[in-house]
Protein chains: 2
Amino acid sequence: MGENIGAAARAMMNFGLAELRLVNPRDGWPNQSAIDMAAGAFDEMAKVKVFKTLAEATADLNYLFATTVRPRDMAKPVVNAQEAAKQTRKRIGKKQKVGYVFGPERTGLENDDVALCHAILTIPTNPNFSSLNLGQSVLLAAYEYSNAAAVRSSAAKNIPAQQKKINEVIARLEDELETGGFFKSKSLKPTMRRNIRAMLARAEWSDQEVRTFHGIISALKKK
Amino acid sequence: MGENIGAAARAMMNFGLAELRLVNPRDGWPNQSAIDMAAGAFDEMAKVKVFKTLAEATADLNYLFATTVRPRDMAKPVVNAQEAAKQTRKRIGKKQKVGYVFGPERTGLENDDVALCHAILTIPTNPNFSSLNLGQSVLLAAYEYSNAAAVRSSAAKNIPAQQKKINEVIARLEDELETGGFFKSKSLKPTMRRNIRAMLARAEWSDQEVRTFHGIISALKKK
């Protein structure tokens, strides 16, 4: 919804976050409702970029937080907004690029979106009344980011590879697994794919390690 | 605006705050726009109480935070939302009742409202884009309250008097000052009154101390 995008932009700019990326916005882009809700925030931010898929939108990033209402049953670290902010500052200090991923207001992120991310960011609310909307979630995440102290740049070693390269090597692995008849049950295939992704992406491979894994796949195939 | 009241209620309930008091709401009460915006929050909270003045609304409370966009030039401590939450938890542990005071969306709190409060709560935002709305300010204050650890009850000594008693003794002093010709300049009178209030309320008198001050006024008058 345009209104939610506008509210998110306003929340971001209040705490100095100026880069918003949209994935396949329902109401198209640019959008007047978004502008009306943003209280001028779009004039202050970098030009909003629009992408077809989450994978494309995050291709150049090194680390992603998936924001969800509650932790999902996935093998990923779960953090609150304060901890996410602290980790983000640390990664930025190491020249990494970090993204916060938010889902549509009503449905939230799909499991496949969460699977693309490294960690889950969840904001604990009243168990009897949990009703944070999208703009509010963005506000709290941005607020904590702004509160967290910047971390001085340390040696930029062991940078995780960009998402694009991780996605490529995992996609290649899946193709090979498909060819090899790995996915026996069609109904279980989506879950199995997510589990594989979680298992591999968690390691935060460097570029060199991605190349190594490509090598591993090639080597196994030859045999 | 009803919508802002609803958004405030929703923000509060997300973090378990269930007591909302309204001062002279523009659109009357109950209000359908508020209910529409609240996503069911009013069903979960204590019955909303409506008052004619801020003094009446806060009569039974011991400590008040005035929420403002920027610190005013008043002799009061200025804290951020995290610090306010920490202090609130401490006071609650000592059996005190604490209030967060918010002004209307567009105009904010008037100086006379701020003067009634003990401390100023201000949320630092992007200096180039400071556009927190009322619901967002309530959300951040409530979020920090929820994050702050509850403080175990300690001995309930030196409880500040209820606002009502403080207001009474200060009002009495002002009457006496008026009678005595203290306020020579009519145009400066509001500022002088605020300064006197700030000067006295800052001390957080106990019931006993309020009685003592009544005694002081009486004693001075006799002479």
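**Exercise 1. Place A115(B) in its surroundings.**

A115(B) has a relative accessible area of 2% and is therefore buried (buried means under 20% relative accessible area, exposed over 50%, partly exposed in between, with a 1.4 Å probe and protein chains only). Before going on, a word on the ground rules: this is a predicted model, where local features need pLDDT of at least 70, side-chain atom pairs count only at pLDDT 80 or more, and totals for chains, interfaces and linings use all residues. Residues are numbered from 1 along each chain as its sequence is written, chains are lettered from A and ligands numbered from 1 in the order in which they are written, and side-chain values use heavy atoms, with hydrogens and water left out.

Step 1: find the element. A115(B) sits in helix α6 of chain B, residues 111-116. Helices here are DSSP runs of H or I with at least four residues, strands are runs of E with at least two, and both are numbered from the N terminus.

Step 2: list the partners. Skipping neighbours within four places in sequence, A115(B) is in contact with M74(B), K76(B), R194(B) and R197(B); contact means heavy atoms within 4.5 Å.

Step 3: check a distance. P71(B) is 44 residues away along the chain, and its C-alpha is 12 Å from that of A115(B).

**Exercise 2. Describe helix α1 of chain A and what it packs against.**

Step 1: get its length. Helix α1(A) covers residues 2-14, so 13 residues by the DSSP runs. From first C-alpha to last it reaches 19 Å, close to the 18 Å expected; the expected span is 1.5 Å times one less than the number of residues.

Step 2: look at cover. Twelve of the 13 residues of α1(A) are buried, among them G2(A), N4(A), I5(A), R10(A) and N14(A).

Step 3: ask what does the covering. The buried residues pack against β1 (21-23), α2 (32-37), α3 (41-44) and α7 (134-147) of chain A, together with α7 (134-147) of chain B.

Step 4: see what follows. After α1(A) comes G16(A), with a positive phi near 75°.

**Exercise 3. Work through helix α8 in chain B, then pick out one residue of α8 in chain A.**

Step 1: start with chain B. Helix α8(B), residues 163-179, has 17 residues and reaches 24 Å between its end C-alpha atoms, close to the 24 Å expected.

Step 2: name some buried positions. In α8(B) these include Q163(B), I166(B), N167(B), I170(B) and L177(B). Just past the helix, G181(B) takes a positive phi of about 75°.

Step 3: switch to chain A. N167(A) lies in helix α8 of that chain, residues 163-179. At 12% relative accessibility, N167(A) counts as buried.

Step 4: find its partners. Leaving out neighbours within four places in sequence, N167(A) is in contact with A55(A), L116(A) and R197(A).

**Exercise 4. Track down the unusual backbone spots.**

Step 1: know the background. Most residues other than glycine have a negative phi, and most peptide bonds are trans.

Step 2: find the cis bonds. In chain A, a cis peptide bond joins W29(A) and P30(A), with omega about 0°; P30(A) is in the loop between β1 and α2. In chain B, the bond from W29(B) to P30(B) is cis, with omega near 0°, and P30(B) lies in the loop between β1 (21-23) and α2 (32-37).

Step 3: find positive phi outside glycine. K95(A) has a phi of about 65° and sits in the loop between α5 (81-93) and β5 (98-101) of chain A. With a relative accessible area of 54%, K95(A) is exposed. For A39(B), phi is near 55°; its place is the loop between α2 and α3 (41-44) of chain B. At 42% relative accessibility, A39(B) counts as partly exposed.

**Exercise 5. Sum up chain A as a whole.**

Step 1: count elements. Chain A has ten helices and six strands.

Step 2: test its size. For 223 residues, a compact globule would have a radius of gyration near 17 Å, and the 19 Å of chain A agrees; this radius is taken over C-alpha atoms, and the globule rule is 2.2 Å times the number of residues to the power 0.38. Along its principal axes, the C-alpha trace spans about 60 × 45 × 35 Å.

Step 3: look at burial and contacts. Of the 223 residues, 46% count as buried. Of the contacts with a separation of 6 or more, 82% come from residues 24 or more positions apart.
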